[in-house]
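Thanks for coming, everyone. Please have the sequence and the model open while I talk.

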Amino acid sequence: VDIIRDAVASGAAASGDATAVRDAYAAARLWTVGYVCRQLVERADPSIVDSAVEHLRTKTTDDDLLAAAGAHSPGSLAVLARHVDHQPITNREVRSILLVTSTLRTGGVTAVLSTQARVLTEAGFRVTVVARNSNSDPSFLPSGVEFVELAGGAIEARLEAWRAICLTRSVDVVIDHQMLYSSYWPEFAAMTRACGGATVGWLHNFVARPLLDGDDRLGNIEKFARVLAHVVALSPLDVSYLKLRGITHSSYIPNPPSAMLDGERRAPRERPTGLHPINLVWWGRLEERTKRVSELLEVAVLLQRRHTAFSLTVIGPDWGGWTAAKFNALARRRGVAEVVRAVGPKRGRELEAAIDTADAFLSTSLIEGYQLTIAEAQSRGLPVFMYELPWLTLVQENAGITSVPQGDAAGLADAITAVAADPVLFARLSRGSLDAAERAGSYDFSDLYRRVVTGAPTGAFSPEPTLEDARLLLGLLRFYSEANRSQTKTVTPRRELAAQVWRRVAPLGRVGLQRLPGLRPLVAMLKRRMGIAD
C-alpha cells in the first residue's frame with residue numbers, strides 16, 4: 001500500500017474526482033493496517049507480538065495504528081495500548097467532553113461526576129455523561145447534560161458502540177471515572193484516541209486499593225498509562241507513587257465540596273457539661289470491607305466498659321450483605337443496642353438535621369480516597385475521631401481530627417472518653433473542624449477542571465516525590481497487602497466450606513421446595529448469610 005502511494009497521487013490528480021481516489025486509498029490503507037493488527041493479535045505466537053508491534057510502529061504512526069485497529073480490529077487495541085507513546089492534551093481545541101462511569105447512583109463518584117458536569121457545562125463545554133452499565137439514575141445530573149447508557153454485550157460490541165459515541169459527538173476529551181474499578185479502560189482509552197480524542201483517567205481511591213482487593217489493576221495502570229493523556233488522583237501521596245513508577249503525567253485534585261458545605265461560617269460547638277452523653281454519628285454505606293462498620297460496635301462496647309455516657313447513630317443504605325437490621329441485631333448481641341442504632345439512609349435536609357443533633361463524627365474506614373463525610377462533618381463543627389488515613393488531603397494540618405492507628409478501637413474509645421470529659425478540648429476540636437472545612441471548600445474547581453481538559457494541573461498539584469513519601473508508601477503498601485491476606489484467610493475458607501455443604505444438600509433442597517414453595521424466602525435468606533451466589 002505504501003509503495004503505490006505516489007502512483008495513486010498521480011492518478012488522483014489526473015482523475016475527474018481526486019477526492020474519491022484519495023479517500024479510497026486512505027480506506028484501503030487503514031483496512032490493511034487493521035488486518036495486520038488483527039493477524040498479529042489473533043494468529044501470531046504470543047512471544048513475538050510485542051516485538052512485532054514495535055516493528056509495525058516503524059512503518060506507520062501510532063495514530064494510524066489506533067485508527068485502523070479501532071475501525072477494523074478492536075480486539076487488538078489492548079495490545080497496542082501498551083506500546084503507544086504518551087500524547088498530552090496540547091494544541092487541541094476542546095469543545096466536546098465525555099464523563100464516564102459504570103453506573104450513576106448514590107456515592108462519591110457520582111457526586112464528583114455531577115459537579116464536573118455542571119462546572120464544565122457552565123464553562124461552555126458540551127458535556128455528555130456515559131454509563132457503561134445499566135440501572136443508572138440520571139436525576140443526579142444537572143439539567144442540560146445528555147446521558148447515554150452504553151450498549152451491552154461482548155467487549156468488541158461495546159467498543160463499537162463507544163466508537164460510535166466518540167465519532168457522532170466529535171469527542172475531544174474523555175474523563176474516565178472508573179479507571180481503578182474497571183479492567184477494560186485501556187481498550188476504551190485506545191478507541192477514544194483512535195477516534196481523535198484523549199482520555200484522562202481519574203482515580204477515586206488510594207493507589208493501594210487494588211492490593212487490598214487482591215487484583216492486578218494497579219499493575220494495569222502502570223502498564224497502560226501511556227495511552228492516557230493524564231492521570232488524576234486525590235492526594236499528593238498518590239501522585240508520588242505514580243511518578244515513582246514512571247507515570248509522570250499525573251497530578252491530584254481534591255474532591256469538590258458537597259451541598260452540605262454551604263460556605264456558611266458556624267460558631268464552634270460547646271460540649272454540654274454534667275452527665276449529658278456525647279452523641280456520635282456515622283454516615284456512609286453499610287459496607288464492611290472498606291468502611292469496617294463492625295468496628296463501630298467494637299468502639300461502642302469499649303466506651304460502655306469505660307462508663308462513658310454516649311449514643312451512636314449509624315446512617316446509610318444497606319450494602320453487600322450488611323443491613324441496618326443486621327447491624328442492630330449485632331448491637332443487641334454485643335449488649336449496646338440501647339445506645340447504638342442503625343436508622344437506614346437519610347439525605348438532604350433530613351441528613352443535615354441528624355448531623356446537627358450530634359456532637360462528633362466517628363469513622364472506622366480501612367481505606368478511602370477522599371472521604372467527603374469528614375469535610376461534611378467538620379462543616380457543621382463536629383470533632384472527628386477516626387482510624388488514621390495519612391494520605392488524605394483533608395487530614396493534613398487538621399486541628400479538628402483525632403486519629404489512632406488502624407484497628408485501634410481502644411484508642412478511639414480512649415480519645416472519645418477524654419474529649420467527652422473536657423469541654424475546653426471539645427471546643428478546640430470544633431474550631432479546628434470549622435477551619436478545616438473552610439479550607440476544603442476554598443479550591444477554584446472551575447479553574448482546576450478547565451486545566452484538566454485543556455492541559456494538566458501543574459505546580460503544587462503535581463508535586464515531585466520525596467524520600468519521606470517513599471517511606472510512607474512502602475509502609476502503606478505492605479499494610480494493605482497484609483490486610484488482603486488476612487481477609488482471604490478468614491473469609492474465603494468459611495465461604496468455601498459453606499459452598500461445599502450447600503452443594504451436598506441442594507438436590508434434596510430443590511425437591512423440598514417443589515413440595516413446599518413457601519420456604520423459598522427462608523432459603524434465600526440462608527444463602528445470603530452463607531455467602532452463596534444464586
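**Starting from one tryptophan**

Look at Trp-162. Leaving out residues up to four places away in sequence, Trp-162 touches Leu-98, Val-100, Val-130, Leu-150, Val-174, Phe-188, Met-191 and Thr-192. One caution before I go on: this is a predicted model.

Where does Trp-162 belong? Trp-162 is in the largest nonpolar core, which has 117 residues. Trp-162, Phe-206 and Tyr-480 are the residues with the most contacts inside that core. Helix H8, residues 185–194, gives the core its largest share, six residues. There is another core, apart from this one, with 37 residues. Val-299, Ala-331, Ala-409 and Ile-416 are among them. As background, nonpolar side chains tend to be buried together in soluble globular proteins.

**Two helices that pack**

Now helix H7, residues 155–168, and its packing against H8. How do we describe such a pair? Two packed helices are described by the angle between their axes and the distance between the axes. For H7 and H8, the angle is about 35 degrees and the axes are 10 Å apart. Their crossing is right-handed.

Who makes the contact? H7 brings Ile-155, Arg-158, Leu-159, Trp-162, Arg-163 and Cys-166. H8 brings Glu-187, Phe-188, Met-191 and Thr-192. So our tryptophan is back, on the H7 side. By class, this contact has six nonpolar, one polar and three charged residues.

**The six-stranded sheet**

Next, an open sheet of six strands. The order is S10-S9-S8-S11-S12-S13, and the pairing is parallel. Which strands stand at the edges? Strand S10 (340–342) and strand S13 (401–404) do. Each has a single partner strand, so one side of each is left without a neighbour in the sheet. From one strand to the next, the twist averages 20 degrees.

Zoom in on S13 and its partner S12, residues 384–387. These two pair in the parallel sense over four bridges. Met-386 stands opposite Ser-403 in S13.

A helix lies across this sheet too. Helix H16, residues 409–420, lies across S8, S11, S12 and S13. H16 runs at about 170 degrees to S12.

**One loop residue**

Last stop: Asp-318. Asp-318 sits in the loop between strand S9 (310–315) and helix H13 (324–333). Is Asp-318 buried or exposed? Neither: Asp-318 is partly exposed, because its relative accessible area is 44%, and buried means under 20%, exposed over 50%.

Asp-318 and Gly-284 are 34 residues apart along the chain, and their C-alpha atoms are separated by 9.7 Å. Not counting neighbours within four places in sequence, Asp-318 is in contact with Leu-286, Thr-323 and Ala-324.

That's my tour. Thank you.

Methods: Residues are numbered from 1 along each chain as its sequence is written. This is a predicted model: local features need pLDDT of at least 70, side-chain atom pairs count only at pLDDT 80 or more; totals for chains, interfaces and linings use all residues. Side-chain values use heavy atoms; hydrogens and water are left out. A nonpolar core is a set of buried Ala, Val, Leu, Ile, Met, Phe, Trp, Tyr and Cys residues joined through side-chain atoms within 4.5 Å. Buried means under 20% relative accessible area, exposed over 50%, partly exposed in between (1.4 Å probe, protein chains only). Contact means heavy atoms within 4.5 Å. Two strands pair if DSSP finds at least two bridges between them. Axes are lines fitted to C-alpha atoms, for helices over the stretch in contact, and angles run from 0 to 180 degrees between N-to-C directions. A crossing is left-handed if the near helix is turned anticlockwise from the far one by less than a right angle, and right-handed if clockwise. Ala, Val, Leu, Ile, Met, Phe, Trp, Tyr, Cys and Pro count as nonpolar, Asp, Glu, Lys and Arg as charged, and the others, Gly among them, as polar.
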